[in-house]
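Trainee: Could you take me through this model, one topic at a time? I will ask, you reason.

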Amino acid sequence: MYDIIIVGAGTAGLSAAIYSLRAGKSVLVLEQQPSYGGQIVNASKVENYPGIPEISGFEFAKSLYEQAVGLGAEVIFQKVIRIEEQAPNKVVCTEKDSWECKSIILATGAKKRPLGVPGEETFAGKGVSYCATCDGMFFRGKEVAVAGGGNTALEDANFLANYCSKVTVIHRRDTFRGDKKSLMRLQAKQNVTFLLDSEVVELLGENMLSGIKVRNKKNGKVTEVPVSGLFIAVGQMPDSEVFSDQVETDQLGYIVANEDCKTNKEGIFVAGDCRTKTVRQLTTAASDGAIAGIAACEWCDGK
């Protein structure tokens, strides 16, 4: 029996655990991946977290995890498959075990959105990647492409440009959503080219990726670009399907909640990238974790 069960051991989940534990609550954190940290662990550098000029994503996540565990959090790496009501409490179930609690915080985050072009699944792991820092070194000295126009795409391209002979950045618009500083740093690199107002429409190759077809959205011209790797960074989608019948979600699958992080189900709160919100950054994930943790504690105290 726990006061609070947190589903997800990313920035939001671990921040929620820290605030809950400091309030004297017993906390169990369940994480479906074999390690903690969420997507931030794949960031080679984090430069926009207040008070920390520069840190690797792994070191940031490691510090959060150690702080939560040091305060008494129990962390178990199992995938949650459902939530059950057992009045006056709730039960969180995985494929192996189940635990009873007073309150739940959903902090499952988001996952990479696929590009949705023919051949994407076929070439996944055979030239197609969703993580530059994970797989970039396999393409040392080779030509690669990055699809996307946000911060992740710009950071991926900057990282790859240090190791690859050529990096082609493909973006469906003529302006970028990402930070200007990252874009300027990328534009200064001699081995980076840009294909704007363009989109990847087909992947080429036999056993391994050998090229891509790119269509200009303004004139319709299709160009074949030889590459050994395609790094896809076209946004995220919430990792919340399992809870869609438990709490309200919007048409994209994000769990509906305002800045108070309260879902439509009493005693269930949500934090981080899986919540309906405008800004999804490391700082807002930590903020959500703090708010949801405090709200869950208040709920427990009121029971």
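**Sheet, pocket, core and unusual backbone**

Mentor: Seven bridges join S12 to strand S13 (residues 209-216), and the two run antiparallel. Before you go on, note that this is a predicted model, where local features need pLDDT of at least 70, side-chain atom pairs count only at pLDDT 80 or more, and totals for chains, interfaces and linings use all residues. Residues are numbered from 1 along each chain as its sequence is written, and side-chain values use heavy atoms, without hydrogens and water.

Trainee: Which residue of S13 is the bridge partner of valine 200?

Mentor: Strands here are DSSP runs of E, at least two residues; helices are runs of H or I, at least four; both are numbered from the N terminus. Two strands pair if DSSP finds at least two bridges between them. Opposite valine 200, the partner in S13 is valine 214.

Trainee: Why is one side of S12 and of S14 left without a neighbour in the sheet?

Mentor: The sheet is open, with three antiparallel strands in the order S12-S13-S14. Strand S12 (198-205) and strand S14 (222-226) stand at the edges, so each has a single partner strand.

Trainee: By what angle are neighbouring strands of this sheet turned against each other on average?

Mentor: Axes are lines fitted to C-alpha atoms, and angles run from 0 to 180 degrees between N-to-C directions. For this sheet, direction is ignored. The average turn is 25°.

Trainee: Is strand S10 largely enclosed or left open by the rest of the structure?

Mentor: Buried means under 20% relative accessible area, exposed over 50%, and partly exposed in between (1.4 Å probe, protein chains only). Strand S10 covers residues 166-170. Five bridges join S10 to strand S9 (residues 143-147), in parallel. Four of the five residues of S10 are buried, so this strand is largely enclosed.

Trainee: Which helix gives the most to the lining of the second largest pocket?

Mentor: On a 1 Å grid over the protein atoms alone, a pocket is an open set of points with protein on both sides within 12 Å along at least five of seven lines, and lining residues have an atom within 4 Å of a point. Helix H1 (11-22) and helix H2 (57-70) are the elements that give two or more residues. The lining includes Tyr19, Phe60 and Gln67. With four residues, the top contributor is H2.

Trainee: How many charged residues are in that lining?

Mentor: Asp, Glu, Lys and Arg count as charged; Ala, Val, Leu, Ile, Met, Phe, Trp, Tyr, Cys and Pro as nonpolar; the others, Gly among them, as polar. The lining has eight nonpolar and three polar residues. Charged residues: none.

Trainee: Which element gives the largest share of the largest nonpolar core?

Mentor: Such a core is a set of buried Ala, Val, Leu, Ile, Met, Phe, Trp, Tyr and Cys residues joined through side-chain atoms within 4.5 Å. This one has 33 residues; Ile4 and Ile105 are among those that touch the most other members. Strands S1 (2-7) and S2 (27-30) each give two or more residues, as do H1, H2 and helix H6 (282-302). Seven residues come from the top contributor, H6.

Trainee: What is the omega of the bond between alanine 87 and proline 88?

Mentor: Most peptide bonds are trans. Proline 88 sits in the loop between strand S4 (80-86) and strand S5 (89-94). The bond to alanine 87 is cis, with omega about 5°.

Trainee: Is cysteine 261 buried or exposed?

Mentor: Cysteine 261 lies in the loop between strand S16 (236-238) and strand S17 (268-270). Its phi is positive, near 65°. Relative accessibility is 0%, so cysteine 261 counts as buried.

Note on methods:
1 Å grid on protein atoms, 1.4 Å probe; cavity = no way out; pocket = protein on both sides within 12 Å on 5 of 7 lines; lining within 4 Å.
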